[in-house]
Amino acid sequence: MTEDPRAGERRPEHQVRIGQGPRNRRELVVKVLWIGIWLVFLSAPVQDLASGRHTVGATVAGGIGLAAFVTAYLTLVFRNIGRPFTPRVVLSLLAVLGVLAPLLTFTLGGAWLGLFIYLSVACGATLPVRAAFWAIPGATVAMFLVGLRWHEKPDESLLLVPMIGFAMVGVGQLVRTTVELRKARETVAHLAANEERLRLARDLHDLLGHSLSLITLKSELAGRMLPDHPDKAAQQVADIEQVSRQALVDVREAVTGYRRPRLAAELAGTQVALTAAGVSAEVPAEPDLGDVPEESESALAWALREAVTNVVRHSGADRCLVRLTHRQSLDGAMLELSVEDNGSGGSGGGPGNGLTGLTERLEKVGGSLEAGRIKHGFRLVARVPAAPSGHVGSGA
């Protein structure tokens, strides 16, 4: 017999949520029935009031006191669980119960001893664990002493009151833990959403920063060439169209989360971008990636793209040297990318969004980033593991 695949979707709707109010009529009925079961111990006081053995004044006062007791109890236990009152309100309602239970029992008879069960339940459900461990035995002792007034021998009640009270301590802890877990789950979901936003923002910055910089540069070149060299300007416009189309493809792939830039393609694009910017470029030929993990290659490709974008936009350099080197370190084989220019520009105020995002990318794959001014320009060095995780190098 096969299981209905929709059963998992329906199951949460048929569960009563702990620590939360009812969402529909069915849950309201369930909670009302649960309350009604616990009110069974009030049958003895109600029968005592209806027996007619008290005076009219005592009966009226007893009815008012019982109504006040039940109202305070229901308000405290079934409203406080899941949406706690302030400590002052909790202690005030417990004080009402703690006064009415012995007062009504002492003045009206032993049939009212069942009120101490509700007092014990309220202490167990609402007080902190340490305070409840003192309050529940205290309610038991108070019941025993008041019972002596009517020569009652509450043997079973002496066992029932602490058992139910301590059971409610566990129930209260379960409710509070469930509420905390629900809040933690919401927090985790919120953090995951923020992390995804940061990832998307980082990807879009890396993608569009490079492409838009190249489009801006070629647009300026086309504008200067248009009066005297319309054929060259037309070529620049064609390049702009190609770059913009590729940028659109890259954005679509980045949004879907499937894009992994290739280092070889980025090296080729680096040559084109630097040459178009009037920068003399020295770029390595087809790299030997061998067993370099895709994650490491992708992170290094992002680093190259960001570095070249900064050279074109901020450096003011006329020479740029790109090196790709395999190195052996104590941590294993590493692939090192170095981008060095002779420019004097740059933000100068600390790492920007691009370098911060690069640092995060490289750290996720076990790499590192170094960037800073050198004697005659600026250098960026990115390192990533050149072997799959778990592969041990041959030594330094």
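This report describes the helices, sheet, nonpolar cores and cysteines of a predicted model.

Local features need pLDDT of at least 70 and side-chain atom pairs count only at pLDDT 80 or more, while totals for chains, interfaces and linings use all residues. Residues are numbered from 1 along each chain as its sequence is written, and side-chain values use heavy atoms, with hydrogens and water left out.

**Overall content**

The protein chain holds twelve helices and five strands; helices (H or I, at least four residues) and strands (E, at least two) are DSSP runs, numbered from the N terminus. Of its 396 residues, 37% count as buried, where buried means under 20% relative accessible area, exposed over 50% and partly exposed in between (1.4 Å probe, protein chains only). Contact means heavy atoms within 4.5 Å. Among contacts between residues at least 6 apart in sequence, 68% join residues at least 24 apart.

**Annotated spans**

The unreviewed UniProt entry places the feature "transmembrane region" at residues 28-46, 58-78, 90-119, 131-150 and 157-175. UniProt positions are given in the numbering used here, feature names are shortened, and annotations may be inferred rather than shown by experiment. Two of these spans are set out below.

| Span | Distance between end C-alpha atoms | Helix | Strand |
|---|---|---|---|
| Residues 90-119 | 13 Å | 80% | 0% |
| Residues 131-150 | 30 Å | 95% | 0% |

**Nonpolar cores**

A nonpolar core is a set of buried Ala, Val, Leu, Ile, Met, Phe, Trp, Tyr and Cys residues joined through side-chain atoms within 4.5 Å. The largest one has 39 residues, of which Leu94, Leu97 and Leu115 touch the most other members. At least two residues of this core come from each of α4 (56-80), α5 (87-108), α6 (115-126), α7 (129-149) and α8 (155-225). Helix α6 gives the most, with nine residues. Leaving aside residues up to four places away in sequence, Leu94 touches Leu76, Leu119, Ala122, Cys123, Thr126 and Leu127. A second, separate core has 35 residues, including Ile240, Trp302, Val322 and Ala382.

**Sheet and flanking helices**

The five strands form an open sheet of mixed pairing, in the order β1-β2-β3-β5-β4; two strands pair if DSSP finds at least two bridges between them. β1 (280-282) and β4 (368-374) are the edge strands, each with a single partner, so one side of each has no neighbour in the sheet. From one strand to the next the twist averages 15°.

Strands β3 (residues 332-341) and β5 (residues 377-385) run antiparallel and are joined by eight bridges. In β5, Phe378 is the bridge partner of Asp341, and Val381 is that of Ser338. Val381 is also the bridge partner of Glu370. β4 and β5 pair in the antiparallel sense over seven bridges and form a hairpin with two residues between them.

Axes are lines fitted to C-alpha atoms, for helices over the stretch in contact, and angles run from 0 to 180 degrees between N-to-C directions. Helix α10 (residues 263-276) lies across β1 and β2 (319-329), at about 160° to β2. Helix α11 (residues 294-315) lies across β2, β3 and β5, at about 10° to β3.

**Cysteines**

A search of the whole structure finds zero disulfides, a disulfide being a pair of cysteine sulfur atoms within 2.5 Å. Cys123 is buried, at 7% relative accessible area, and Cys320 is buried at 4%.
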